[in-house]
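Please open the structure in your viewer and keep the selection panel handy. We will go from the whole chain to helix pairs and then to single residues.

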Amino acid sequence: MHRLLLATTLSSFLAAAAARAQTPPGEADFEAGLAAVHAQMQKARWNDARTALVALVGQHEKRIYVQAQCEAIVSDLRTCAFYAIAKVPKLAECITGKVTFYDEATGRLKVTYSDKLTDWQGAEESQLLVNPIVFAGSYTVTISGKRYPGPDKSLRVLFDLDPSGDSWFLADFGSTGDAGGYFQSGVMQGKGDEEPHWVADARLRGTPLAPFKAVVRVGDGQVEMVLDNKSVVKTKREKVEFGHVGLMRSSCTSCDEIVLEGKVEPSFLQGRVDEALAAQREQFDKSFDAKKQLPAWLFERPDVPRIAARDDSWIPGLTSGVSRAANEMLELCQKGKYAEAAKALAQLRDGDMAAISRQFMKAWIAVRFGRGEHAEPICAELLAKDAEMTQARLLRGQALEGMGRVAEAIAEYEAAVKQDPGCEHAHDQLCVALLRRNRTDDARRVVREAKTKHGLWDEMAQLETMLAMAARGPNWPRRFVNRTTHYEVVSDIDQKMCAEACRVLEASYVNLMAQLTWIKEDKSQPRFRVFLFSGESGYQDYVKAIVGEAAPHTAGIYSPVLKQLLIWNVTRREDMVRTIRHEGFHQFLDRIMENPPTWLNEGMAEFWETAKHEQGKLVGGQLRREHVATLTRSRNSLPKLKDFVYGGRGDFYEFAQQRYAQGWALVHFLRKGPRENTARFEKLWNELRTAKGAHAALDVAFAGVDWDEFERQFWLHLTSLK
């Protein structure tokens with residue numbers, strides 16, 4: 001009996017196992033296999049990852065869920081194929097001079113330049129050539145030649161040249177002077193446009209046109225000039241964290257050999273590696289053809305009909321027969337001049353634009369001003385007349401988001417997708433709203449269904465790429481990770497940099513919580529994600545893939561959609577720390593409140609980025625002289641404070657230099673000004689956290705303010721800072 005039962009049970013088990021073995025793999029299996037490929041990529045096992053990826057696609061032949069990820073699969077394959085053959089140069093190979101010694105652990109470098117000065121940079125009209133290597137500590141410059149510069153010429157070496165070019169020191173070995181052959185030499189200091197002055201000088205008797213060897217020793221606390229083994233000048237060295245070395249062009253003609261030796265800041269070399277890889281990648285992309293390595297069916301569009309949108313126009317009721325005045329109003333909207341557009345809209349009549357279009361535009365402009373509470377009832381009225389008006393439903397969702405009613409906003413986007421599945425904007429807005437709330441899986445479902453059920457293959461390509469970036473981050477040839485309580489920092493630089501960034505961010509987080517709010521720890525919330533790029537090329541490429549264009553003149557950026565903080569390896573560590581604090585504040589604020597006013601978000605980041613340790617805690621609000629100077633210079637062209645406080649994003653970023661300064665100054669006035677301002681700031685902060693919307697919070701915090709008097713006190717406060 002027992003034997004029969006055992007045989008029956010075993011037979012059932014084997015039958016079930018056989019059935020499972022015959023069941024074709026499904027979407028969950030594909031996702032698991034893809035995760036394994038990505039794990040291989042993060043370990044830089046490029047050939048293994050490529051082989052596994054091609055095999056995985058083959059195992060799920062002609063499955064629509066694989067075709068839906070075609071763009072991401074091709075991107076992964078391209079990355080694996082490139083790094084499998086890429087030659088990652090060593091840091092020392094990125095210098096045209098001859099590197100005779102380099103220790104990556106200590107940063108000690110010795111490089112000799114003889115016939116090539118390719119590394120040295122300077123505009124054609126400039127008399128100065130600067131070596132891009134940044135020294136961080138003591139270093140020595142040794143120059144030798146067969147002929148010292150002739151009469152009335154001098155050998156001049158700039159050292160401790162600030163990366164910004166604002167401050168510099170010059171070792172001048174002199175030129176022929178008096179009849180006895182003596183000439184003045186020594187160290188000079190220059191700053192900005194000021195006239196340089198002697199720090200230390202001496203009379204030196206030299207031999208023009210004779211062989212020479214000049215040395216500038218820049219020590220921890222002393223600078224010494226030596227000519228032909230004779231000390232010329234010794235003087236105290238100013239405390240300088242970083243410095244370049246430069247030469248006057250007229251001096252270079254007499255230099256047969258230039259030797260730089262000392263401890264370097266590695267960011268320059270790391271940036272060169274990044275540039276070299278970017279150049280290799282550009283050449284690789286010209287010949288790479290994914291279709292030769294992946295099956296043809298992957299690139300085919302499944303037989304899913306493309307559902308058409310109900311109305312392709314972005315304004316309901318809009319016809320081509322609008323008046324010139326209406327077109328001018330729309331042009332003002334496209335330029336972001338919403339205040340002018342609102343005035344122009346108010347003057348339009350039925351003959352200029354249909355009533356329904358004017359009503360919609362009134363709500364649209366209100367949303368752009370951040371006045372969701374004004375726009376929402378208008379959209380509700382439009383939907384009451386036509387429940388299938390997709391434009392009004394999407395706009396109502398934006399208004400609700402601005403008011404902090406996120407769940408209702410997402411419900412509106414979902415309703416728009418359901419009612420009008422052919423409208424790509426509905427899918428876009430729903431996907432972005434979900435990503436902003438860390439609902440990545442739900443966002444992925446929206447994009448996949450838009451493709452596989454509604455035929456929006458091309459329209460969803462950018463969102464598919466964004467989803468892949470949200471999940472995987474940058475693809476690097478090497479990857480370092482450091483995790484702390486609240487942060488995960490990933491970089492292609494080194495482990496030390498990851499740990500330092502975590503230290504800065506954790507210190508900022510703790511102090512921000514203590515000074516501004518108390519955040520109840522939510523174990524379900526993921527760590528803040530931070531990516532540090534070794535060079536600007538990789539950073540800009542990644543940013544371009546996110547926002548559609550590069551972000552020149554930026555050291556970092558925070559993406560509230562991807563929830564990623566991106567920083568690149570700028571030369572000065574001080575600048576990098578400031579950028580980490582600035583963008584880190586945006587990341588912090590994004591988690592605790594919805595849609596804060598732009599001036600507050602950027603002004604607080606400017607206020608916080610210069611924070612210093614005082615009595616055991618970080619304190620922001622240090623004097624920013626450059627901001628004070630900008631405001632003083634631009635005072636007559638600045639908006640009044642009331643207009644600034646209630647202004648929108650478009651105006652802020654169109655006049656970024658002035659608005660960043662004004663944002664910092666207003667935050668400084670509220671936080672470090674009169675006591676009533678401190679109370680006003682706290683009220684604003686608390687109101688914003690109640691998620692009632694930015695403008696509603698501003699109305700409460702600034703209720704009863706005499707704006708003329710407030711403006712006068714603001715400028716008095718700013719003047720006192722000078």
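Here is a short tour, stop by stop, with something to select at each one.

**The whole chain**

Before you zoom in, keep in mind that this is a predicted model. Show the protein chain as a cartoon and you will have 27 helices and 19 strands on screen. Along the principal axes, the C-alpha atoms fill a box of roughly 105 × 85 × 60 Å. Now switch on a surface: the protein chain exposes about 35300 Å², and carbon and sulfur atoms supply 50% of that area. Of its 722 residues, 50% count as buried. If you draw contacts between residues at least 6 apart in sequence, 64% of them join residues at least 24 apart.

**Helix α7 and its partner α5**

Next, select residues 70–85, which form helix α5, together with residues 267–287, which form helix α7. The axes of α5 and α7 are 11 Å apart, and the two helices pack at an angle of about 120°. The pair is therefore oblique, since an angle has to lie between 65 and 115 degrees to count as roughly perpendicular. Turn the view until one helix lies over the other, and you can follow α5 as it passes α7 in a right-handed crossing. Show side chains here: on the α5 side, the contact is made by Arg78, Thr79, Ala81, Phe82 and Ile85, and on the α7 side by Leu277, Gln280, Arg281, Phe284 and Asp285. Colour these residues by class and you get five nonpolar, two polar and three charged.

**Helix α7 again, now with α18**

Keep α7 selected and add helix α18, residues 536–547. The axes of α7 and α18 come within 7 Å and cross at roughly 55°. That angle makes α7 oblique to α18. Which residues meet here? Asp274, Glu275 and Ala278 come from α7, while Glu536, Ser537 and Gly538 come from α18. By class, the contact of α7 with α18 has one nonpolar, two polar and three charged residues.

**Glu401 in helix α12**

Move on to residues 390–402, helix α12, and pick out Glu401. Is this side chain's residue buried or exposed? Glu401 has a relative accessible area of 13%, so it is buried, the cut-off being under 20%. Leaving aside residues up to four places away in sequence, Glu401 touches Ala409, Tyr413, Ala433, Arg437 and Asn595. For a sense of distance, draw a line from the C-alpha of Glu401 to that of Glu257: the two are 144 residues apart in sequence and 64 Å apart in space.

**Two loops with positive phi**

Two backbone stops remain. Select Asn438, in the loop between α14 (424–436) and α15 (440–452). Asn438 is not a glycine, yet its phi is positive, at about 65°. With a relative accessible area of 35%, Asn438 is partly exposed.

Finally, go to Lys563, in the loop between β16 (556–559) and β17 (564–568). What is the phi of Lys563? The value is near 60°, which is positive in a residue other than glycine. Lys563 counts as buried because its relative accessibility is 14%.

Note on methods
Residues are numbered from 1 along each chain as its sequence is written. This is a predicted model: local features need pLDDT of at least 70, side-chain atom pairs count only at pLDDT 80 or more; totals for chains, interfaces and linings use all residues. Side-chain values use heavy atoms; hydrogens and water are left out. Helices (H or I, at least four residues) and strands (E, at least two) are DSSP runs, numbered from the N terminus. Buried means under 20% relative accessible area, exposed over 50%, partly exposed in between (1.4 Å probe, protein chains only). Contact means heavy atoms within 4.5 Å. Axes are lines fitted to C-alpha atoms, for helices over the stretch in contact, and angles run from 0 to 180 degrees between N-to-C directions. Angles under 35 degrees count as roughly parallel, over 145 as roughly antiparallel, 65 to 115 as roughly perpendicular and the rest as oblique. Ala, Val, Leu, Ile, Met, Phe, Trp, Tyr, Cys and Pro count as nonpolar, Asp, Glu, Lys and Arg as charged, and the others, Gly among them, as polar. A crossing is left-handed if the near helix is turned anticlockwise from the far one by less than a right angle, and right-handed if clockwise. Accessible areas come from the Shrake-Rupley method with a 1.4 Å probe; for residues, only the protein chains shown count as cover.
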